Amino acid sequence: MPSSDLQVDLTNCDREPIHMLGAVQPIGFLFAVTTDWIVARASENISDFIGCRATDMIGHPLAEFLPSRALHDLRNRVSLLRGADSIERLFACELIKDRFFDVAVHISGAYIVVEAEAGNEPPKDITGTVRTMMARLDQTPDFTSFYREGARQVRALLGYDRVMVYKFDTDGSGEVVGEACKSGIGSFKGLHYPASDIPQQARALYRRNLLRIIADVGAVPVRITPELDEFGRPMDLSLSMLRSVSPIHIEYLKNMGVGASLSISIIVDDELWGLFACHHYSRMVPNFQMRSVSELFAQMFAMRLESRERRAIVEYERRARDISDQLLGAVASDETLLKDPDWLADILTNTIPADGVGVWINGSYAFSGITPSTEAFRQIVRALNGTAAGKVFATDQITSLISAIDSNGVAGLLAIPISRSPRDYVVLFRSEMVRSVRWAGDPHKPAVYGPNGPRLTPRESFAEWKELVEGRSKPFTSSEMRVAETLRATLIEVVLRLADEAAAERHQASARQELLIAELNHRVRNILGVIRGLIRQSQPDDEAVAKFVQLVDGRIHALARAHNQITDDHWGPAPLQALVDAESAAISAGADRIGGGGPPVLLNPQAYSAMALVVHELVTNSTKYGSLTTNGRVEMTWHRNGARDLVVAWREYGGPPVRPPQRKGFGTTIIERSVPYDLGGSAEARYSETGFEADFIIPARHVSEAKSFAGKAIKFARPAPGHPVEPPPKFLANRSVLLVEDSLIISLDAEDILTRLGADTVITHATTQGALDYLESETPSLAVLDINLGDRTSFPVADRLQELGVPFIFASGYGEQASLPMEHRARQVLQKPYTIENIARALVELLESSD
C-alpha cells in the first residue's frame with residue numbers, strides 16, 4: 001500500500017515517460033546501430049525473426065548479420081531522412097535469405113533505429129488506393145458526412161471493429177464526431193472524453209509520430225538490450241512504430257473491452273485537430289503497407305478538412321463584410337441610427353449571433369434584447385476599461401470579468417470599442433446556455449491508486465454520463481472575433497465621421513477633387529505596372545526580337561482594349577461578349593470560326609481585365625498551334641451555375657493533333673493562374689486529342705446580369721516606354737521577403753525585381769487571410785504590402801508584422817496620399833508602379849532604419 005501522503009493527481013499521467021519504456025511490441029523486432037553501422041542495441045526477440053541473438057549482435061558490424069543488398073537498401077533509406085521527425089519505410093525487404101520484412105528507419109539521438117515486421121507482400125499501388133478514397137471523401141456535402149466517410153474509408157482499409165473521428169476541443173477534451181463500426185457493438189458518436197484521458201506527452205507524440213498501433217493489449221512487451229546506454233539513459237522511442245504501451249493505457253483499453261487499437265493523427269494548421277481512433281475487440285495487426293496508406297489518407301483528409309474549414313470561414317467573413325458595408329452606408333445617410341439600439345441589434349446580430357445589444361456612448365446607454373441590468377452594464381463598462389485599449393474583448397463567462405453581477409440570464413459578451421477617449425462601446429450579449437454534455441464515464445471521478453504503482457488508475461466505467469454545464473454561453477469563435485474587428489473599424493469610422501462633420505463639410509470640395517485625382521493616378525500607375533510586368537515576364541528564350549515585340553504588343557493591346565471598355569462606363573462593369581468580339585476582330589484570319597456565346601452578362605473591372613488577358617492568350621495559342629491554324633473552329637460559351645458563378649468553356653475542334661507543351665510559357669501561366677489568383681475562381685486546361693479545352697469559374701461577386709447590350713467600339717492604347725537600368729548590388733542576400741499584392745501580373749514583376757536584388761525567397765499572397773495564415777508558421781526577413789487588396793486592406797497583416805518585429809513598407813498607386821491608420825501613420829509608402837530603383841531605394845532605407 002503506498003504512503004498516504006504521496007501526491008496523486010492528473011499530472012501523474014502527464015509525467016509518465018511513455019516514450020522511454022525500453023521495450024517493443026512482439027509483432028516485430030528492433031535494432032539500433034551507430035553511424036558507422038555497429039549494432040548498439042536490439043530487442044530480445046530478434047532471434048525469432050533473423051536467427052541471431054541480441055547479445056551476439058551487440059558491438060558487431062551489421063554487415064555480419066544482413067546480406068549486402070539489404071544493408072545497401074537500408075543505407076539508401078537513411079540518406080533520405082530529412083528533419084528531426086522523419087521516418088522512411090521499405091517494403092518487402094529481404095533481410096535474410098528468402099525472408100521478407102516491412103521496415104521503418106528513423107534517427108533517435110546518436111542511433112539509426114531499424115524496426116521490422118514480417119511482410120511478404122510486394123508494394124501496392126498506394127496512389128491509386130488513396131485517390132479512390134479521396135474521391136469518395138470529396139463527394140460529401142457537409143462536415144458531418146465528411147467525418148463519417150473518413151471513418152468508413154479507414155475502416156474499409158484496415159478492418160477494425162470500430163473507427164472514430166475524434167476531435168479535440170479548445171480545453172483539451174474530445175468528442176467523437178464521426179464513426180464507422182460493425183453492427184451490434186453500440187455507438188460512441190457524440191460522446192465526450194475528458195482532457196486527462198490523453199496526457200500531454202501523448203499529445204506531443206501524436207504530433208511527431210502520426211501513426212500508433214497497439215496490436216494486442218495482452219501481449220508481453222519485449223525488452224531492448226542493453227536497457228541503458230553508456231550515459232545511463234533508456235532509448236528514446238518517440239518515433240518507433242513498435243514502441244511498447246504504458247501500463248496505464250493498457251488498463252484504460254482493457255476497461256473499455258478493447259483488444260487492439262490504432263490511432264492516426266489529424267494535423268490541421270500545424271495543430272493536433274484530432275485523431276482517427278481505431279478499436280478492435282481482439283488481437284489485430286494490419287500489415288505495415290496498409291497502415292502506411294492509412295497514414296497518407298489521414299494527411300490528405302486533414303488537408304481537405306483545412307480547406308473546407310477555411311472556405312466556410314471565408315464565406316462567413318465575406319457576408320459579414322457586406323453587412324459592415326451596409327451599416328456604414330446606412331449611418332452615413334442617417335446618423336441617428338447609431339443611437340438606435342434596436343436597429344444596431346438587428347444589423348449586428350445578423351453578423352455575429354447574439355441575444356441582446358448594449359450601446360455606451362459618452363456615459364449614455366441604450367439596450368435592445370436580453371441584456372444585464374443598468375448597474376451591471378455600468379460595472380461591465382468599468383471592467384472593460386481595464387482591458388487593452390482599442391481591442392475587441394470576448395468571454396463566454398461574464399463572471400470571469402466580474403465575479404458578482406446581476407446578469408439577467410446573460411453569460412457571455414463581446415465588446416467592440418468604438419472610440420479611444422472616452423471609452424465608448426457596442427456590446428453584444430449571449431444568454432446562458434445550459435446544456436447536457438454526454439461523457440464516456442464520469443470525468444470528475446476521484447483519483448485512486450491502481451495496480452501499477454502510485455499513479456492514477458484509468459476510469460473503469462465508460463457508461464454514458466451526463467453533466468449540466470451552466471454559467472456559460474456559446475463561445476465566440478475566432479472568425480466572429482475577426483468580424484468584430486472589422487465592425488470596430490467601421491463603427492469608429494462612423495463615429496469619427498459624425499464628430500468631424502462640420503470640418504468635413506468645409507473641406508468636402510477640395511477633398512473630393514484630390515480623391516478623384518489620386519484615383520486617376522492610381523489607375524494609370526497600375527496599368528503602367530501591368531505593362532512593365534508583361535514586358536518583363538514575356539522575354540522569349542530564342543531572343544527573336546520581332547516575335548518578342550509582336551507577343552508583348554498583343555498582350556498590351558488586349559489590356560488596353562479592356563481598359564477602354566470599362567472606362568467608357570466610368571470604371572463600371574462591361575459585357576463579356578464585347579471582349580470576345582474584340583479579340584476575334586484583332587486576328588487577321590479565322591475570326592468567323594470563333595463561335596459560341598451565352599446569356600448577356602457583365603464583368604466588373606477586375607474580372608474584365610483578367611479575362612481580357614486569358615481570352616487573348618487562348619485566341620493567340622489557337623492561331624499558332626490549335627484549331628485556327630487550319631479550317632477548324634472554336635466555341636466559347638458561358639452560363640451561370642446554381643451558385644450564380646459564371647462558368648466559361650473554351651472548346652477547339654478540327655485542328656491538328658494536340659499534345660501537352662514540353663514547357664509552360666507565360667501565356668499558359670496566364671490561362672491557368674489568372675482566374676484563380678486574381679478572382680478567387682478556378683481554371684482547368686486539358687490537352688484533349690480532339691482539341692484543346694479549358695474551363696473557368698468566375699465567382700458570382702464579379703458578375704452581374706444585363707438585359708441587353710450592344711458592342712462598343714474598341715479603342716487601342718499605346719504602351720509607355722520602359723526604363724531599363726542596371727540592378728543595384730544584391731543587398732537582399734540571405735533574406736526572405738513577404739509580398740502581398742492582389743494582381744498576378746504586378747506580383748510577378750515585383751517578385752522578379754526582389755529576386756534580382758538578391759532575395760533568397762519571395763513569398764507572394766494575394767489576400768490578407770493568406771498572408772496571415774503564412775505568418776502563423778513562418779517569419780520573413782521583411783515585407784512589402786500593397787494597401788488595397790480588392791475589398792480589403794493589408795492593415796491586419798501590418799499589425800501582425802509589427803507584433804513579430806518584422807520590418808515592412810506599404811505600396812500603393814496613391815503613393816504618399818494613401819490613407820494609413822494612426823498606428824502605421826509613420827510608415828513609408830512605396831509609390832507604384834514597381835521599379836527596381838524605387839523598390840531598392842525604399843528597402844535600403846527600411847533596413848537602415850531597422851538596424
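Rings of Phe, Tyr and Trp count as an aromatic pair if their centres lie within 6.5 Å, with the six-membered ring used for Trp. Planes under 30 degrees apart are stacked, planes over 60 are edge-to-face, and the rest are tilted. The exercises below use a predicted model.

**Exercise 1. Aromatic pairs**

Task: State how many aromatic pairs the rule gives, then classify the pair Tyr147 and Trp273.

Solution.
Step 1. The count comes to 21 aromatic pairs.
Step 2. The ring centres of Tyr147 and Trp273 are 5.6 Å apart, and their planes are at 40°. The pair is tilted.
Step 3. Now place the two residues. Tyr147 lies in helix 6, residues 143-158. Trp273 lies in strand 13, residues 271-280. They are 126 residues apart, and the pair links distant parts of the chain.
Step 4. Check burial. The cut-off for buried is under 20% relative accessible area. Tyr147 has 8%, so it is buried. Trp273 has 10%, so it is buried too.

**Exercise 2. A pair within one helix**

Task: Classify the pair Phe297 and Phe301, and find where the two residues lie.

Solution.
Step 1. A pair of aromatic rings is described by the distance of the centres and the angle of the planes.
Step 2. For Phe297 and Phe301 the centres are 6.2 Å apart and the planes are at 50°, so this pair is tilted.
Step 3. Both residues lie in helix 9, residues 288-333. They are four residues apart, about one turn of the helix.
Step 4. Phe297 and Phe301 are both buried.
Step 5. Look at the wider group. Phe297 and Phe301 belong to one aromatic cluster with Phe143, Phe146, Tyr147, Trp273 and Phe276.

**Exercise 3. Charges over rings**

Task: Find which ring lies under the charged end of Arg162, and which under Arg430.

Solution.
Step 1. The charged end of Arg162 sits over the ring of Phe188, at 3.9 Å from the centre.
Step 2. Arg430 lies over the face of Phe476, and the distance to the ring centre is 3.9 Å.

**Exercise 4. An enclosed strand**

Task: Decide whether strand 14 is enclosed or open, and name its partners.

Solution.
Step 1. Strand 14 covers residues 356-361. Six of its six residues are buried, so the strand is largely enclosed by the rest of the structure.
Step 2. Take each face in turn. One side carries Gly356, Gly358 and Trp360. The other carries Val357, Val359 and Ile361. These residues are all buried, and both faces are covered.
Step 3. Find the first partner to examine. Strand 15, residues 364-369, pairs with strand 14 in the antiparallel sense over six bridges. Gly358 stands opposite Phe367 of strand 15.
Step 4. Look at the turn. Strands 14 and 15 form a hairpin with two residues between them. Asn362 in this turn has a positive phi of about 55°.
Step 5. Turn to strand 18, residues 425-431. Strand 18 pairs with strand 14 in the antiparallel sense over five bridges. Trp360 stands opposite Tyr425 in strand 18.
Step 6. Add Ser364, which is in strand 15. Its relative accessible area is 46%, so Ser364 is partly exposed. Ser364 and Asp424 are 60 residues apart in sequence, but 9.4 Å apart in space, C-alpha to C-alpha.

**Exercise 5. Two packed helices**

Task: Describe how helix 18 meets helix 19.

Solution.
Step 1. Two packed helices are described by the angle between their axes and the distance between the axes.
Step 2. Helix 18 spans residues 666-679, and helix 19 spans residues 744-756. Their axes come within 10 Å and cross at roughly 115°.
Step 3. List the contact. Helix 18 gives Phe666, Arg673, Ser674, Tyr677 and Asp678. Helix 19 gives Leu744, Ile745, Ser747 and Leu748.
Step 4. Sort these residues: five are nonpolar, two polar and two charged.

**Exercise 6. A three-strand sheet**

Task: Give the strand order of the open sheet that holds strand 25, and name its edges.

Solution.
Step 1. The order is 23-25-30, with antiparallel pairing.
Step 2. The edges are strand 23 (574-575) and strand 30 (703-705), since each pairs on one side only.
Step 3. Strand 23 pairs with strand 25, residues 601-603, over two bridges. Pro575 has Leu602 as its bridge partner.
Step 4. Helix 17, residues 605-624, lies across strands 23 and 25. This helix runs at about 90° to strand 25.

Note on methods. Residues numbered from 1 in each chain as written. Predicted model: local features only at pLDDT ≥ 70, side-chain atom pairs only at ≥ 80, totals over all residues. Heavy atoms only, no water. Buried < 20%, exposed > 50% of the residue type's maximum accessible area, 1.4 Å probe, protein only. Pairing = 2+ DSSP bridges. Lys NZ or Arg CZ within 6 Å of the ring centre and 35° of its normal. Axes fitted to C-alpha atoms, helices over the stretch in contact; angles between N-to-C directions. Contact = heavy atoms within 4.5 Å. Nonpolar A, V, L, I, M, F, W, Y, C, P; charged D, E, K, R; others polar.
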